[in-house]
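This report sets out the computed geometry of one molecular structure. The sequence and the coordinates are shown first, and the discussion comes after them.

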Amino acid sequence: MNPNRNLVTLDEFTIMQTRQFSQATGELSTLLRDIGLACKFINKQVNKAGLADILGAQGAVNVQGEEQMKLDVFADEVLINVLKNSSDCAGIASEENDHFVAFDDEHSKNSKYVVLFDPLDGSSNIDVNASIGTIFCIYKRVSPLGQVCTEADFLQKGRNIMAAGYVIYGSSTMLVYATRLGVNGFTLEPSIGEFCLSHKDMKCPEKGKIYSINQGNWSKYDDHIRNYLNFCMESDQETSRPYSHRYIGSMVADMHRTLIKGGIFLYPADKSNANGKLRLLYECNPMSYLIEMAGGMSTNGHDSILNLQPTELHQRVPVFIGSKQMVEQLQSMLS
Ligand code: AHG
Ligand code: MN
Ligand code: MN
């Protein structure tokens, strides 16, 4: 019998890419596989979220005497556990933890990489069954091997990212990741429990017709942002305006659409939040790296997000990200 091998799994794909480089050791492939594994556990739990009241609400105790966890905490713990057991991760930093976690066993002390993540993005959408996600990025550590990793390993510019991506728990579950070699998307094939290559060499269109922002914050935005939003709503046949407005409120879901269809996603500073809401290390850097590798662009209004030197783990930053021409247009209106 001739096995139908049209499907390429995430693991097979990353190994094939590694083979193109004689110096590559395959450690990144292992890490991506492990992140994929953690996200399959998270996916299983996300799929059951609507049954929380039946299976036991958050805080309730189940038949095994275990307390039911909030989904963000569950996702955080799964990622930490899987990465701790991984052969190539020296430590992690996560939106859910005040401090980074350095893995202190002998093997981890000699591991080259650190992983940063937002374990569950868009958590306010869980209750309404809208798409949510996990965002991650991987850096080579800067501290010496043989010791536990340090904060400096995590406070690196987005430019130094080795790989970044997200998993979207949506109408299907997808893992999309970027390296210098490009951006590729893998859809979870439930019958074999594997992420399989479905979106090869993804490119963000140069221009799109959608702007994505929490426009309810209008009264808190400054005049530059309001001018830009007026521009988006104005009619102009040549530039296909007015643009459509779409906002899910899950960065992963809004960015997945932006990557595929083109458009611009904005989370600006406002009167109540001088630096906006989104976190540089766990949300903006990974998404900016991915969108740049797909030909798009990302800025805080002045500089490329990837050029910002982080000063603290949970730092927030205004972000404007998406189709290159649209971000350039916005940037020209902000100065
Ligand atoms: P998280 O669930 O990880 O805290 O992130 C939520 C974020 C992001 O996903 C989304 O783009 C943004 O919050 C939405 O914020 P607003 O509700 O203020 O628009
Ligand atoms: Mn988030
Ligand atoms: Mn989160």
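The sections below treat the metal sites, the strands and the contact between domains. The structure is a predicted model.

**Metal sites**

The manganese ion (ligand 3) has three protein donors, E95 (OE), D118 (OD) and L120 (O), at 2.2 to 2.3 Å. Along the chain these donors follow the spacing E-x22-D-x1-L. Two of them come from distant parts of the chain: E95 belongs to the loop between β1 (89–94) and β2 (101–102), whereas D118 belongs to strand β3 (residues 113–121), 23 residues apart. Both E95 and D118 are buried.

The manganese ion (ligand 2) is coordinated by D118 (OD), D121 (OD) and E283 (OE), at 1.8 to 2.2 Å. Here the spacing of the donors is D-x2-D-x161-E. Because D118 lies in strand β3 and E283 in helix α9 (residues 280–293), this pair ties together parts that are 165 residues apart in sequence. Like D118, E283 is buried.

Which residue bridges the manganese ion (ligand 2) and the manganese ion (ligand 3)? The bridging residue is D118, and the two ions lie 3.8 Å apart. The two sites are set side by side in the following table.

| Ion | Protein donors | Donor distances | Spacing along the chain |
|---|---|---|---|
| manganese ion (ligand 2) | D118 (OD), D121 (OD), E283 (OE) | 1.8 to 2.2 Å | D-x2-D-x161-E |
| manganese ion (ligand 3) | E95 (OE), D118 (OD), L120 (O) | 2.2 to 2.3 Å | E-x22-D-x1-L |

**The loop between β1 and β2**

E96 is placed in the loop between β1 and β2, the loop that also holds the donor E95. Is E96 buried or exposed? Buried residues have under 20% relative accessible area and exposed ones over 50%; E96, at 31%, is therefore partly exposed. Leaving aside residues up to four places away in sequence, E96 touches D72, D76 and P119. The C-alpha atoms of E96 and G276 are separated by 18 Å, and these residues are 180 residues apart along the chain.

**Strands around the metal sites**

Strand β1 is mostly covered, with six of its six residues buried. β1 pairs with β3 in the parallel sense over five bridges, and with β2 in the antiparallel sense over two bridges. G91 takes part in both pairings: its bridge partner in β3 is V114, and in β2 it stands opposite A102. β1 and β2 form a hairpin with six residues between them.

**Strand β5 and its partners**

Strand β5 (residues 163–169) is likewise mostly covered, seven of its seven residues being buried. In a regular strand the side chains alternate between the two faces of the sheet. In β5, A163, G165, V167 and Y169 point one way, while A164, Y166 and I168 point the other way, and all are buried.

β5 has pairings with strand β4 (residues 132–140) and with strand β6 (residues 173–179). The pairing of β4 and β5 is antiparallel and runs over seven bridges; within it, G133 stands opposite I168. The pairing of β5 and β6 is also antiparallel, over six bridges, and there Y166 has V176 as its bridge partner. β5 and β6 form a hairpin with three residues between them.

**Contact between the domains**

The domain assignment divides the protein into domain 1 (10–199) and domain 2 (210–334). Their C-alpha centres lie 24 Å apart, and the contact takes 43 residues from domain 1 and 30 residues from domain 2.

How much area is buried between domain 1 and domain 2? The value is about 2,800 Å², and carbon and sulfur atoms give 64% of it. In domain 1, L155, R159 and Y166 lose the most area to domain 2, together 23% of what that side buries. Y166 thus appears both in the contact with domain 2 and in the pairing of β5 with β6.

Two salt bridges are counted between domain 1 and domain 2. R159, one of the residues of domain 1 that lose the most area, forms a salt bridge with E292, the closest N and O atoms being 3.1 Å apart.

Note on methods
Residues are numbered from 1 along each chain as its sequence is written. Chains are lettered from A and ligands numbered from 1 in the order in which they are written. This is a predicted model: local features need pLDDT of at least 70, side-chain atom pairs count only at pLDDT 80 or more; totals for chains, interfaces and linings use all residues. Side-chain values use heavy atoms; hydrogens and water are left out. Donors are N, O and S atoms within 2.8 Å of the metal (3.2 Å for Na, K and Ca); water is not among the atoms, so sites may look incomplete. Helices (H or I, at least four residues) and strands (E, at least two) are DSSP runs, numbered from the N terminus. Buried means under 20% relative accessible area, exposed over 50%, partly exposed in between (1.4 Å probe, protein chains only). Two strands pair if DSSP finds at least two bridges between them. Domain bounds come from an automatic or database domain assignment. Contact means heavy atoms within 4.5 Å. Buried area is the accessible area (1.4 Å probe) that two parts lose on being put together, summed over both. A salt bridge is a side-chain nitrogen of Lys or Arg within 4 Å of a carboxyl oxygen of Asp or Glu.
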